[in-house]
Amino acid sequence: MSRLVLLSGWGVDRRIWQTLEGYWPAPIEALAIDWPGYGDTPALPDNATLDQLASTMAKQLPSDAIWVGWSLGGLLAAALLDHLPPPRGLILLGASERFYSDDGVTPSELASFRRAFARDPNATWRHFLRWQARGEPNARQAHQQLRGLLGDLPDANHRVLAQGLDWLATLDNAQGLHQAPCPVMRLIGENDPLVGSLAREKASILAHAGHCPMLSQPAQLAESLAAKAMLAVKERP
């Protein structure tokens with residue numbers, strides 16, 4: 001049996017993974033968890049370090065599991081490889097070495113987004129939900145699904161969300177992933193509007209999906225994650 005720990009992205013808690021329930025193949029046991037500040041988990045202190053994040057998440061990110069990090073969750077999971085005992089494998093979903101790129105979300109777009117967030121956090125969060133849904137076959141339906149799962153306000157407070165934006169703007173896992181202590185698998189939606197071409201070249205492509213394949217392609221996503229998990233187990237020495 002392969003045990004998956006599912007990690008969400010910016011402004012989104014573990015409810016995003018509910019759509020995959022009922023689609024996991026029999027050998028897979030999947031558990032969605034929240035980052036600090038989401039759900040019932042206490043937030044980290046202001047200006048928290050990755051060491052502090054690792055200490056908080058150590059029990060929830062065991063080495064006998066495969067970590068599945070979506071978007072910011074993938075960035076953080078990759079960064080924590082240097083701070084925690086390595087897992088059996090890491091699957092990056094809609095994520096790469098860094099969030100920004102020249103042909104995905106550019107540094108200037110990210111800076112503009114952060115300025116908008118400083119002015120009106122809740123409206124900017126709602127805009128991000130629409131942005132994420134654009135690459136799905138039915139963007140309007142995907143956005144409605146997101147709003148149905150998450151509601152009208154973010155689960156995390158503004159300080160937690162601002163810390164997440166800091167990590168999106170600063171984390172660069174290129175060196176760590178190049179020398180990763182475990183197998184690293186990558187999966188990106190065919191029409192993901194947040195990911196650039198270089199990241200796509202390194203990843204397997206999920207057809208007919210954008211940044212939120214758990215909404216538009218739940219069966220296909222569960223099957224793909226299960227297959228990559230089994231491959232990671234085989235590749236680990």
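Q: What makes strand 1 (residues 2-7) mostly covered?
A: In this predicted model, five of the six residues of strand 1 are buried. Buried means under 20% relative accessible area.

Q: How do you know that strand 1 pairs with strand 2 (residues 28-33)?
A: Two strands pair if there are at least two bridges between them. Strand 1 and strand 2 are joined by six bridges, so they pair. The two run parallel. Leu6 stands opposite Ala32 in strand 2. Arg3 stands opposite Glu29, also in strand 2.

Q: What makes strand 1 and strand 3 a pair?
A: Four bridges link strand 1 with strand 3 (66-70). The cut-off is at least two, so the pair counts. Its sense is parallel. Leu6 stands opposite Val68 of strand 3, and the bridge partner of Leu4 is Ile66.

Q: Why is Ala32 called buried?
A: Its relative accessibility is 17%. The limit for buried is under 20%, so Ala32 qualifies. Ala32 lies in strand 2.

Q: Which residues are in contact with Ala32, leaving aside its neighbours within four places in sequence?
A: They are Leu6, Arg14 and Trp17. Contact means heavy atoms within 4.5 Å. Glu190 is 158 residues from Ala32 along the chain, and their C-alpha atoms are separated by 24 Å.

Q: What makes strand 2 and strand 6 (204-206) edge strands?
A: The sheet is open, with six strands in the order 2-1-3-4-5-6 and parallel pairing. Strand 2 and strand 6 each have a single partner strand, so one side of each lacks a neighbour in the sheet. From one strand to the next, the twist averages 25 degrees.

Q: What does helix 2 (residues 72-79) touch on the sheet?
A: Helix 2 packs against strand 1, strand 3 and strand 4 (89-93). Its direction makes about 135 degrees with that of strand 3. Angles over 145 degrees count as roughly antiparallel and 65 to 115 as roughly perpendicular, so this one is oblique.

Q: How do you know that both faces of strand 3 are covered?
A: Ile66, Val68 and Trp70 are buried on one side. Trp67 and Gly69 are buried on the other. That accounts for five of its five residues. In a regular strand, side chains alternate between the two faces of the sheet.

Q: What joins strand 3 to strand 4?
A: Five bridges do, and the two strands run parallel. The threshold is at least two, so they pair. Trp70 stands opposite Leu93 in strand 4.

Q: Why is helix 3 called roughly antiparallel to helix 6?
A: Helix 3 (107-119) and helix 6 (158-170) pack at an angle of about 170 degrees, with axes 11 Å apart. Angles over 145 degrees count as roughly antiparallel, so the label fits. The residues of this contact divide into eight nonpolar, one polar and two charged. Leu110, Phe113, Arg114 and Phe117 form the helix 3 side. Among their partners in helix 6 are His158, Leu161 and Asp166.

Q: How do you know that the span of helix 4 (residues 121-133) agrees with its length?
A: At 1.5 Å a residue, its 13 residues should span 18 Å. The end C-alpha atoms are 19 Å apart, which agrees.

Q: What covers the buried residues of helix 4?
A: The cover includes strand 3, helix 3, helix 5 (139-150) and helix 6. Among the buried residues of helix 4 are Trp125, Phe128, Leu129 and Trp131.

Definitions and conventions:
Residues numbered from 1 in each chain as written. Predicted model: local features only at pLDDT ≥ 70, side-chain atom pairs only at ≥ 80, totals over all residues. Heavy atoms only, no water. Expected span 1.5 Å × (residues − 1). Buried < 20%, exposed > 50% of the residue type's maximum accessible area, 1.4 Å probe, protein only. Axes fitted to C-alpha atoms, helices over the stretch in contact; angles between N-to-C directions. Parallel < 35°, antiparallel > 145°, perpendicular 65-115°, else oblique. Nonpolar A, V, L, I, M, F, W, Y, C, P; charged D, E, K, R; others polar.
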